[in-house]
Amino acid sequence: MLASYKKIQEHEALFEEADVAMTALKARLVARETLAMSHSEVERLVENEGREVLRRMLQAHLEIRGRAEPVGPVVDGEGVEHTYPRTEQTRSLQTVLGPVTVERTRYEARGAVSLVPVDADLNLPVEEYSLEVRRRVAELSSHVSFDAVVKEMAAHTGAPVPKRQAEELAARAAQDRRPPRTAKAR
C-alpha cells in the first residue's frame with residue numbers, strides 16, 4: 001500500500017453512519033409490518049436498504065483512505081518532488097452501491113502536473129463512474145440494448161447511468177488501450 005494512516009483511533013467513528021443504518025435495518029426486519037410481508041417483499045427491502053448500509057461502509061473506507069499520508073516524498077515520473085500539499089480536495093464517484101465522495105490531498109510542484117496519491121492507490125478512473133459500474137455497463141451492453149442497460153442499472157444498482165453515458169462507457173470499454181508488446185531479445 002502506498003500510504004500510512006494518520007490516526008487509527010478515528011477509524012471506528014467513521015463507520016458510525018453505517019452502524020446506524022444497519023441498526024435501523026435490523027429494527028425494520030422485526031417490525032410488525034415487515035413480519036407481515038412475503039419473503040420476496042422482505043428480500044427487496046433488505047436488498048435496497050442493505051445497499052445503503054454497504055454504501056455507507058464504502059464511504060467510511062474511502063474516508064480512511066483519503067486521510068492517508070504518503071510514506072515518503074511524492075515524486076512524479078520525471079523525478080520531480082511534489083512538496084505543496086493542497087487539502088480539502090474532493091471528488092464524486094458513482095458506484096454500484098450509490099454515490100460516494102473521495103477526500104484527498106493533491107500534491108503540487110512548480111511547472112508540473114499535480115499528483116493525487118490516493119487516486120492512484122485506489123486506482124480511481126478519471127470520470128465519475130467507478131470501474132465496477134463501467135464493467136457492468138459494458139457487460140450488459142454486450143447482451144441488451146442501451147435502453148435496457150439504463151433500466152437494469154437503475155433497478156439493480158445505486159448507480160443510475162443515463163443512456164448517453166452508458167453508450168460512452170461501453171465504447172471506451174471496447175477499446176484496447178494496452179501498450180503494444182515488444183519482443184524480448186534472447
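**Cores, strands and helix packing**

Glu81 is partly exposed, with a relative accessible area of 44%, in this predicted model.

User: In which strand is the place of Glu81?
Analyst: With its relative accessible area of 44%, Glu81 is neither buried nor exposed, because these classes require under 20% and over 50%. Leaving out residues up to four places away in sequence, Glu81 touches Pro73, Val74, Val75 and Ala109. Its C-alpha also lies 9.5 Å from that of Ala112, although 31 residues separate the two in sequence. The strand that holds Glu81 covers residues 81–82 and is β4.

User: Is His82 buried or exposed?
Analyst: His82 is found in strand β4. Beyond its neighbours within four places in sequence, His82 is in contact with Val74, Asp76, Tyr107, Glu108, Ala109, Ala112, Val113, Ser114 and Leu115. The C-alpha atoms of His82 and Arg110 are 8.3 Å apart, with their positions 28 residues apart in sequence. The relative accessible area of His82 is 3%, and because the limit for this class is under 20%, His82 is buried.

User: How many bridges join strand β5 to strand β6?
Analyst: Strand β5 spans residues 84–95 and strand β6 spans residues 98–108, and they run antiparallel. A hairpin through two residues connects β5 to β6. Among the paired positions, Thr95 has Gly98 as its bridge partner, and Leu93 has Val100. The number of bridges joining these strands is 10.

User: In what order do the elements of the protein run from the N terminus on?
Analyst: The protein has eight helices and six strands. Contacts with a separation of 6 or more include 62% between residues 24 or more positions apart. Read from the N terminus, the order of the elements is β-α-α-α-α-β-β-β-β-β-α-α-α-α.

User: Which helices each supply at least two residues of the largest nonpolar core?
Analyst: The largest nonpolar core has 10 residues, namely Val96, Tyr129, Val133, Val137, Val149, Met153, Ala159, Val161, Ala166 and Leu169. The helices that each supply at least two residues of this core are α6 (131–141), α7 (146–156) and α8 (163–174).

User: Which residues are among the other core, of eight residues?
Analyst: This core of eight residues lies apart from the largest nonpolar core. Its members include Leu62, Leu93, Val100 and Val116.

User: With which residues is Leu169 in contact, leaving aside its neighbours within four places in sequence?
Analyst: Leu169 is one of the residues of the largest nonpolar core. In the packing of α6 with α8, Leu169 is also among the α8 residues that meet α6. Beyond four places in sequence, its contacts are Glu127, Tyr129, Arg134, Val137 and Val161.

User: At what angle do the axes of α7 and α8 cross?
Analyst: These axes come within 9 Å. The contact involves Phe146, Asp147, Val149 and Val150 of α7, together with Lys163, Ala166, Glu167 and Ala170 of α8. Angles of 65 to 115 degrees count as roughly perpendicular, so α7 and α8 fall in that class. Their crossing angle is roughly 105°.

User: At what angle do α6 and α8 pack?
Analyst: Arg134, Val137, Ala138 and Ser141 in α6 meet Ala166, Leu169, Ala170 and Ala173 in α8. The two axes are 9 Å apart. The helices α6 and α8 are therefore roughly perpendicular to each other. The packing angle is about 90°.

User: What is phi of Asn123, a residue other than glycine?
Analyst: Asn123 is found in the loop between α5 (117–122) and α6. Its relative accessibility is 52%, and because the exposed class begins over 50%, Asn123 counts as exposed. Most residues other than glycine have a negative phi. In Asn123, by contrast, phi has a positive value, near 55°.

User: What percentage of the 186 residues in the protein do buried residues make up?
Analyst: The accessible surface of the protein comes to about 12500 Å², and carbon and sulfur atoms account for 53% of that surface. His82 is buried. Of the 186 residues, the buried share is 31%.

Methods:
Residues numbered from 1 in each chain as written. Predicted model: local features only at pLDDT ≥ 70, side-chain atom pairs only at ≥ 80, totals over all residues. Heavy atoms only, no water. Core = buried A, V, L, I, M, F, W, Y, C linked by side-chain atoms within 4.5 Å. Buried < 20%, exposed > 50% of the residue type's maximum accessible area, 1.4 Å probe, protein only. Helix = DSSP H or I, 4+ residues; strand = E, 2+ residues; numbered from the N terminus. Contact = heavy atoms within 4.5 Å. Areas by Shrake-Rupley, 256 points an atom, 1.4 Å probe, with all protein chains shown as cover. Pairing = 2+ DSSP bridges. Axes fitted to C-alpha atoms, helices over the stretch in contact; angles between N-to-C directions. Parallel < 35°, antiparallel > 145°, perpendicular 65-115°, else oblique.
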